[in-house]
Amino acid sequence: MSSPIASTRFSFLDRSRTREGHDGPQALRDTVALAREVESLGYHRFWVSEHHSVPGVAGSAPTVLAAAVAAATSAIRVGTGGVMLPNHQPLVVAEQFGVLASLFPGRIDMGLGRSVGFTDGVRRALGHGKEDAEDFPGRLTELLGWIDGTQQAHPQVHARPAEGLRIPAYVLAIGEGAAVAAAAGLPLVIGDLRGREKVLRAIEVYRRDFRPSARAERPEVIVSGTVAVAGSAEAARRLLVPEAWAMAYARTHGSFPPLAPAEEIERRTMTAKERKLYERGLDGHIHGTEEQVTEQLERAIEETGADEVLVTTSTYDREALVDSLRRLAGIAGLRR
């Protein structure tokens, strides 16, 4: 029996995390450099994210960054994971992706999410509130209408150069968005793999309620999550340490710090609450040696029926991250 890994696509999403000694501008340059590495390893797509006023995350303008990534690569698909549609006018989003798809034909993906700013202050600065997230299905329909040329709300207004182009669209979901993706007949991107039961329930709803559309004839599921591969289980676990500490610190101090070296974090004295959150942040991720990760990935793919795995690993040591991606490419048998 062949491994389910062999028939699964693998991709990467980078959030442009800052690191100690590496500021926001450097983080963006690191993202572009990483995209070149990911392409050379044979991954299917490279996506970038949208965060506003989040310390430790430099990726705030995903369509702009996607343009830089696409310009620096030649074959890998490039897109957003995602553009947070409630923060933007659908016409403007359509225009931006129309420009991207025109400049890089056949390579651009339009990943769309429903989140708004993380705090009231950010939401006010963006000019949007939580109610805009509730209208995500309506905004999604409008956006697709601008691209397909079917929108009727604004007669004689056209999204140029997007109208008439084939720009694949994907709906990002933690859970709630699964029904939206199903109703729209769009592929679903869902994570993370640690919350397996919640993810499986959402995928079940998505597949049950999916309505075939001109954009997708059948359900398509992309599962996202952290995957870390190294020469030993301990080395793979150390790849998880910087992000686990950053999340623990954010939840206890209210500020998301730059990623720090694993050895520095492991020497720190933590409060009981910090330690608990930190240890929790290390649990449940797919990580280990090639043999261990192969077993974990096979189980995850079999359980979810995923068509694709979108790797979202963040860590301080970029050389170790590239090595992990190289090892994962070997497991998956990636070839370009």
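In strand S5, Ile108 is the bridge partner of Val78. The model in which this pair appears is a predicted one. The pair belongs to a parallel pairing of S3 with strand S5 (residues 108–113), made over two bridges.

S3 also pairs with S2: the two strands run parallel and are joined by four bridges. Here Arg45 stands opposite Arg77 in S3. Between S2 and S3 the chain passes through H2, and this β-α-β crossover is right-handed. S3 is covered on both faces, with Arg77 and Gly79 buried on one side and Val78 and Thr80 buried on the other.

The helix of this crossover, H2, spans residues 62–72, and its buried residues are Pro62, Thr63, Leu65, Ala66, Val69 and Ala70. Viewed down the axis of H2, these buried residues fall within an arc of 155°, so they line one face of the helix. An α-helix has 3.6 residues a turn, so residues three or four places apart point the same way. The face of H2 turned away from the buried side carries the exposed residues Val64 and Ala71. What do the buried residues of H2 pack against? Their partners are helix H1 (24–40), strand S2 (45–48), strand S3 (77–80), strand S4 (83–84) and helix H3 (90–103).

Phe46 has contacts with residues of several of these elements. Leaving out residues up to four places away in sequence, Phe46 touches Phe12, Asp14, Thr31, Leu34, Ala35, Val38, Val69, Ile76, Arg77, Val78 and Gly79. Phe46 is also one of the residues with the most contacts inside the largest nonpolar core, along with Phe10, Tyr43, Met110 and Leu325. That core has 74 residues, and helix H13 (residues 318–332) gives the most to it, with seven residues. Another core lies apart from this one; it has 14 residues, among them Trp245, Ile265, Tyr278 and Leu282. In soluble globular proteins, nonpolar side chains tend to be buried together.

A last stop is Arg15, in the loop between strand S1 (9–14) and H1. Which side chain makes a polar contact with the side chain of Arg15? The partner is Glu243, at 2.7 Å. With neighbours within four places in sequence left aside, the residues in contact with Arg15 are Ser49, His51, Val57, Ala58, Gly59, Glu243, Phe256 and Ser314.

Technical notes. Residues are numbered from 1 along each chain as its sequence is written. This is a predicted model: local features need pLDDT of at least 70, side-chain atom pairs count only at pLDDT 80 or more; totals for chains, interfaces and linings use all residues. Side-chain values use heavy atoms; hydrogens and water are left out. Buried means under 20% relative accessible area, exposed over 50%, partly exposed in between (1.4 Å probe, protein chains only). The arc is that of the directions from the helix axis to the C-beta atoms. Contact means heavy atoms within 4.5 Å. A polar contact is a pair of N or O atoms within 3.5 Å; within protein, one must be able to donate a hydrogen and the other to accept it, and residues adjacent in sequence count only if both atoms are side-chain atoms. A nonpolar core is a set of buried Ala, Val, Leu, Ile, Met, Phe, Trp, Tyr and Cys residues joined through side-chain atoms within 4.5 Å. Two strands pair if DSSP finds at least two bridges between them. A crossover is right-handed if, with the strands pointing away from the viewer, the path from the first strand over the helix to the second runs clockwise.
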